[in-house]
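Reader: I have a structure open on my screen and would like to get to know it. Could you walk me through it, one question at a time?

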Amino acid sequence: MAGRSVIPIFRGGRSIRAFQRTSGHAVQKRPLSNGTIPPLNHPLPNMPGPPPEMVSGTEWQSRHDHVTHVTTLENGIKVASEDSFGQFSTVGVVIDGGSRYEVDYPSGLSHLLEKLSFQSTVKFQSNDDIMQELEKYGGMADCTSFRDAIIYGASCFTSGLPMVMEVLSEGVLQPKLMDEEIEEQKMVVQFELENLEMRLDPEPVLTDLIHAAAFRENTLGLPKLCPPENIGKFSSSILRHYLSRYYQPSRMVIAGVNVDHQHLIDLTKTFFVERKPVWYKEGQELESPDRSIAQYTGGIVKDHRTEPRINPGPTPLPELAHLSIGVETCHYDDPDFFAFTVLNTLLGGGGSFSAGGPGKGMYSRLYLNVLNRYHWIYSATAYHHSYADTGLFCIHGSCHPSQLRDLTQVIVKEYFALVNHDINEVEVARAKKQLQSMLMMNLESRIIVFEDIGRQVLGLNKRKSAKELFDSIENVTVDDIRRVSSRMLASRPSVAALGNLATLPKYDDIQRAFANRGNFSGASRFFRFN
């Protein structure tokens with residue numbers, strides 16, 4: 001605790017009592033006037049009691065309720081903040097942008113744009129100048145792009161908030177986008193793509209593929225990672241056109257944690273309202289952004305490779321084929337959203353060599369029914385992606401290429417076990433408690449709270465409190481899980497596969513298995529007895 005020194009239980013390996021013996025000092029307990037020692041569960045005599053407001057809890061609650069304040073300014077930009085504690089603040093800009101809006105541009109634009117963040121601006125000549133300014137207040141800044149959002153964030157000592165807001169304004173509204181910077185960041189993107197090829201877990205690549213299969217050539221199906229063939233297609237004019245179209249005030253949320261709300265509003269007016277972006281021209285009408293709604297198509301996308309992926313390091317990569325099977329779910333404001341999140345935790349999963357213990361999800365279905373049962377499956381994990389207009393539930397798995405057909409049957413079987421077999425109260429209760437625990441632990445992080453505020457206000461125009469989220473999870477029932485399982489399995493399956501796919505079943509066979517409630521025609525002998 002700040003301002004208090006806490007005596008450690010051990011000093012240099014010796015206990016306090018041992019330290020007292022050797023130093024010649026002893027702690028004496030003070031008895032009362034009658035010679036007795038006061039018990040710890042009774043108030044000390046002759047001590048004033050706490051003030052009434054502390055006893056009732058009103059003052060404590062007024063300082064710890066963490067209310068999120070939201071204000072919409074005259075130009076449409078939203079300002080959202082929450083009080084917190086500590087010497088550091090986190091602020092940033094959450095923009096309704098990302099790869100889903102790249103239908104009129106070369107795919108991968110937002111991937112490159114995040115690398116170009118906080119480079120040269122109208123005020124700062126380089127990224128080094130920005131970093132030196134931030135270091136004066138112990139600050140740092142970064143940008144991350146997603147399918148449905150681009151987030152610029154920064155943290156610093158609370159006293160440095162005006163400087164950080166100016167840096168954010170420069171990075172978002174005043175970038176120079178010099179040709180030499182663009183070429184340099186293209187090399188960074190190229191290096192990142194090459195590095196992904198050497199990773200044991202190709203989850204980012206497989207996630208791109210399953211979205212491409214689920215939303216073929218529209219919105220969420222457009223790749224988040226820049227395709228290698230598109231790296232050379234970008235120029236400053238293309239990037240500026242994208243910025244002018246999507247970096248509009250009505251599509252922005254300024255979010256802050258551990259900041260005074262009125263102070264944040266004043267700084268937003270100074271740096272984001274009064275200061276115009278570099279692409280602004282008086283009287284020019286900006287092109288309206290794409291407002292396409294995601295269209296779920298289903299289907300299959302394959303990346304067949306006859307040669308195994310190679311790790312140039314000392315540890316060779318195992319020869320694996322990777323498979324993801326997904327189905328459509330719901331958007332994040334749907335009443336069934338929380339049931340799907342509980343279902344995701346119920347299935348859980350991970351790698352076959354994950355450490356044990358309930359905290360690592362060893363009681364989830366993909367551990368109990370898949371990883372603990374089929375030794376040849378390297379990993380199996382459930383994911384739930386939810387967006388403003390739709391959602392995608394998928395199970396990723398990996399195994400040796402020779403057993404890809406069996407892996408396909410295992411994943412399909414686990415999907416339909418949700419509706420063909422009873423879901424018991426114990427596993428649903430366990431999934432809810434695990435999800436609630438992860439939620440509350442994550443909200444201890446100032447960075448996560450900042451992103452949560454920005455994303456919720458951007459998508460919902462409000463922020464649900466932690467208690468609301470906790471209660472919504474608690475209200476999910478076994479019947480809800482059964483219902484949403486049937487709902488998602490009614491959709492056409494999406495399939496993505498990466499690696500040597502010689503034994504991958506045809507898409508028609510997988511689709512037919514979904515129609516037959518998980519039963520494959522001509523299933524391997526291994527599965528006829530399960």
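**The sheet and its neighbours**

Author: Happily! This is a predicted model, and a good place to start is an open sheet of 6 strands with mixed pairing, in the order 3-4-8-5-7-6.

Reader: Which strands stand at the edges of that sheet?
Author: In the order 3-4-8-5-7-6, look for the strands that have a single partner strand each. One side of each of these is left without a neighbour in the sheet, because they stand at the edges: strand 3 (68-72) and strand 6 (140-145).

Reader: By how many degrees are neighbouring strands of this sheet turned against each other on average?
Author: The sheet in question is the open one with mixed pairing. With direction ignored, the average turn between its neighbouring strands is 15°.

Reader: In strand 4, what is the bridge partner of threonine 72?
Author: Strand 3 and strand 4 are antiparallel and pair over 5 bridges. Their hairpin has 5 residues between the strands, and glycine 76 takes a positive phi near 100° there. The partner of threonine 72 in strand 4 is lysine 78.

Reader: And what does glutamate 82 stand opposite in strand 8?
Author: Strand 4 and strand 8 run parallel, joined by 5 bridges. Opposite glutamate 82, strand 8 places valine 257.

Reader: How many of the residues of strand 4 (residues 78-82) are buried?
Author: Buried here means under 20% relative accessible area. On one side of strand 4 the buried residues are Lys78, Ala80 and Glu82, and on the other they are Val79 and Ser81. Both faces are covered, and the count is 5 of 5.

Reader: What is the bridge partner of serine 89 in strand 7?
Author: Strand 5 (residues 88-95) and strand 7 (residues 150-157) run antiparallel and are joined by 8 bridges. Helix 6 (residues 161-173) lies across strand 5, strand 7 and strand 8 (252-257), at about 160° to strand 7. In strand 7, serine 89 has as its partner cysteine 156.

**A helix with a buried side**

Reader: Over how wide an arc do the buried residues of helix 14 spread around the axis?
Author: Helix 14 (residues 425-442) has 18 residues and reaches 26 Å from its first C-alpha to its last. Its buried residues are Glu427, Val428, Ala431, Lys432, Leu435, Gln436 and Leu439. They lie on the same side of helix 14, because the arc they cover is only 170°.

Reader: Which exposed residues does the face turned away from the buried side of helix 14 carry?
Author: The cover over the buried residues includes helix 11 (337-347), helix 12 (365-371), helix 16 (466-474) and helix 17 (478-489). The face turned away from that buried side carries Val426 and Met441.

**Two loop residues with positive phi**

Reader: Is phenylalanine 118 buried or exposed?
Author: Most residues other than glycine have a negative phi. Phenylalanine 118, in the loop between helix 4 (109-115) and helix 5 (127-135), has a positive phi of about 55°. With a relative accessible area of 3%, phenylalanine 118 counts as buried.

Reader: And is asparagine 461 buried or exposed?
Author: Asparagine 461 is found in the loop between helix 15 (446-460) and helix 16, with a positive phi near 65°. The cut-off for exposed is over 50%. At 52% relative accessibility, asparagine 461 is exposed.

Terms used:
Residues are numbered from 1 along each chain as its sequence is written. This is a predicted model: local features need pLDDT of at least 70, side-chain atom pairs count only at pLDDT 80 or more; totals for chains, interfaces and linings use all residues. Side-chain values use heavy atoms; hydrogens and water are left out. Two strands pair if DSSP finds at least two bridges between them. Helices (H or I, at least four residues) and strands (E, at least two) are DSSP runs, numbered from the N terminus. Axes are lines fitted to C-alpha atoms, for helices over the stretch in contact, and angles run from 0 to 180 degrees between N-to-C directions. Contact means heavy atoms within 4.5 Å. The expected span of a helix is 1.5 Å times one less than its number of residues. Buried means under 20% relative accessible area, exposed over 50%, partly exposed in between (1.4 Å probe, protein chains only). The arc is that of the directions from the helix axis to the C-beta atoms.
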